[in-house]
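Please find below a reviewer's note for a colleague in computational chemistry. The entry is shown first, and the comments follow.

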Amino acid sequence: MAYVLPPLPYPKDALEPSIDALTMEIHHDKHHGAYVTNVNKAIAGKADLEAKTVEHLISNLDAVPADIRGPVRNNGGGHANHSMFWKLLGPKAGGAPTGALAGAITSTFGSFDALKEKIEAAGMGRFGSGWAWLVVNGGKLEVVSTANQDSPLMGKAVAGCEGTPIFGVDVWEHAYYLKYQNRRADYLKAVWHAVNWDAVASLYAAAT
Ligand code: MN
C-alpha cells in the first residue's frame with residue numbers, strides 16, 4: 001500500500017466545542033480512511049506512482065494514466081487535503097497569527113478580520129462540496145476555493161486556481177453536519193477557535 005491513514009495528532013474530542021468528537025471520528029476514520037483506501041486501489045501495481053508523495057502525485061496529474069486520473073484526483077486530493085487539515089487545527093488553539101505571516105496578512109488583506117471574512121465568504125460561496133484555501137501564489141497570499149477534493153496544487157487547468165496551500169477549511173457537509181446541520185456559516189466561524197496558527201506559519205515560511 002502506497003499511503004497510510006495518518007493518526008489524528010490529538011484526541012478526537014480535542015477540538016470541542018468548535019468541532020465535536022463524533023464528527024472528528026467519522027471524518028478522520030471513515031472519510032479520510034476511504035480516500036486513502038481508494039487512492040491506493042487506483043494506483044495499485046504502478047510502482048512509479050506508488051513511490052511518489054501524495055502531494056507530488058496530485059501536483060502532476062498529467063503523469064497519471066487517463067483511466068485512473070479521476071480516482072487519483074478525487075481520492076489522492078482527499079488524502080492530501082485531509083492530512084493537511086488535521087495539522088492546521090489543534091487543541092487550545094485559535095487566537096491570531098503572529099510574526100511574518102501576520103505582517104503578510106495585514107499588508108495583503110488589510111487586517112486579520114478581513115482575511116477571516118474573505119475565507120468565510122469563499123467557503124459560503126462554494127456550492128456543494130469543496131474547500132476554502134489560503135495559498136501562497138508567486139510569493140503572495142491569496143484566498144481561493146476548490147470544488148470536491150481538488151487542491152490548488154493541481155494547478156489552474158484542473159482546480160481553477162493555483163498556489164501552495166498554507167491553510168484550508170473543509171466545507172463538505174461531512175465536516176460539520178452532525179453538529180451544525182445546514183449552518184455552514186456557524187461552522188466556518190467556529191473553526192477559527194481551533195486553528196493552529198503556528199502550523200500555518202510554518203507552511204507560510206516553507207512556501208515563501
Ligand atoms: Mn472532509
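The points below treat the sheet, the helices around it, and several individual residues.

1. Status of the model. The coordinates under discussion are those of a predicted model. Every value quoted in this note should be read in that light.

2. Sheet topology. The model contains an open sheet of 3 strands in the order 2-1-3, and the pairing is antiparallel. Strand 2 (140-147) and strand 3 (164-170) form the edges; each has a single partner strand, so one side of each is left without a neighbour in the sheet. On average, neighbouring strands are turned by 25° against each other, direction ignored.

3. Pairing of strand 1 with strand 2. Strand 1 (residues 130-137) runs antiparallel to strand 2, and 8 bridges join the two. Within this pairing, Trp131 has Thr146 as its bridge partner in strand 2, while Leu134 is matched with Val143. The two strands form a hairpin with 2 residues between them. In that turn, Gly138 has a positive phi of about 60°.

4. Pairing of strand 1 with strand 3. Here 6 bridges join the strands, which again run antiparallel. The bridge partner of Leu134 in strand 3 is Phe167, and that of Trp133 is Gly168. Leu134 thus has a bridge partner in strand 2 and a bridge partner in strand 3.

5. Burial of the strands. How many residues of strand 1 are buried? The count is 8 of the 8, so strand 1 is largely enclosed by the rest of the structure. In a regular strand the side chains alternate between the two faces of the sheet. For strand 1, Gly130, Ala132, Leu134 and Val136 lie on one side and Trp131, Trp133, Val135 and Asn137 on the other, and all of these are buried. Strand 3 is mostly covered as well, with 6 of its 7 residues buried.

6. Helices on the sheet. Returning to the pairing of Trp131 with Thr146, one may ask which helices pack on the sheet that contains it. Helix 4 (residues 66-88) does, touching strand 1 and strand 3; the direction of helix 4 makes about 80° with that of strand 3. Helix 5 (residues 99-109) packs on the sheet too, with contacts to strand 1, strand 2 and strand 3. The direction of helix 5 makes about 80° with that of strand 2.

7. Helix 4 against helix 10. The axes of helix 4 and helix 10 (residues 197-207) come within 8 Å and cross at roughly 125°. That angle makes helix 4 oblique to helix 10. At the contact, Met84, Lys87 and Leu88 of helix 4 meet Ala199, Val200 and Leu203 of helix 10. These residues divide into 5 nonpolar, no polar and 1 charged.

8. Thr146. This residue lies in strand 2. Is Thr146 buried or exposed? Its relative accessible area is 0%, and because buried means under 20%, Thr146 is classed as buried. A polar atom of the Thr146 side chain lies 2.8 Å from the backbone oxygen of Asp150. Leaving aside residues up to four places away in sequence, Thr146 touches Arg126, Ser129, Gly130, Trp131, Trp133, Ser151, Pro152, Ala159 and Cys161.

9. The segment before helix 1. A cis peptide bond joins Glu16 and Pro17, with omega about 0°; Pro17 is found in the segment before helix 1. Ser18 lies in the segment before helix 1 (21-43) and counts as buried at 8% relative accessibility. The side chain of Ser18 reaches the backbone oxygen of Ala190 at 3.2 Å. Residues up to four places away in sequence not counted, Ser18 touches Lys179, Tyr180, Ala190, His193 and Ala194.

10. Positive phi outside glycine. Which residues other than glycine deserve a check of their backbone? Lys92 has a phi near 50°, a positive value in a residue other than glycine. Lys92 is found in the loop between helix 4 and helix 5 and counts as exposed at 89% relative accessibility. Gln181 also has a positive phi, of about 50°, although it is not a glycine. Gln181 lies in the loop between helix 8 (177-180) and helix 9 (184-191), and at 31% relative accessibility Gln181 counts as partly exposed.

Technical notes: Residues are numbered from 1 along each chain as its sequence is written. This is a predicted model: local features need pLDDT of at least 70, side-chain atom pairs count only at pLDDT 80 or more; totals for chains, interfaces and linings use all residues. Side-chain values use heavy atoms; hydrogens and water are left out. Two strands pair if DSSP finds at least two bridges between them. Helices (H or I, at least four residues) and strands (E, at least two) are DSSP runs, numbered from the N terminus. Axes are lines fitted to C-alpha atoms, for helices over the stretch in contact, and angles run from 0 to 180 degrees between N-to-C directions. Contact means heavy atoms within 4.5 Å. Buried means under 20% relative accessible area, exposed over 50%, partly exposed in between (1.4 Å probe, protein chains only). Angles under 35 degrees count as roughly parallel, over 145 as roughly antiparallel, 65 to 115 as roughly perpendicular and the rest as oblique. Ala, Val, Leu, Ile, Met, Phe, Trp, Tyr, Cys and Pro count as nonpolar, Asp, Glu, Lys and Arg as charged, and the others, Gly among them, as polar. A polar contact is a pair of N or O atoms within 3.5 Å; within protein, one must be able to donate a hydrogen and the other to accept it, and residues adjacent in sequence count only if both atoms are side-chain atoms.
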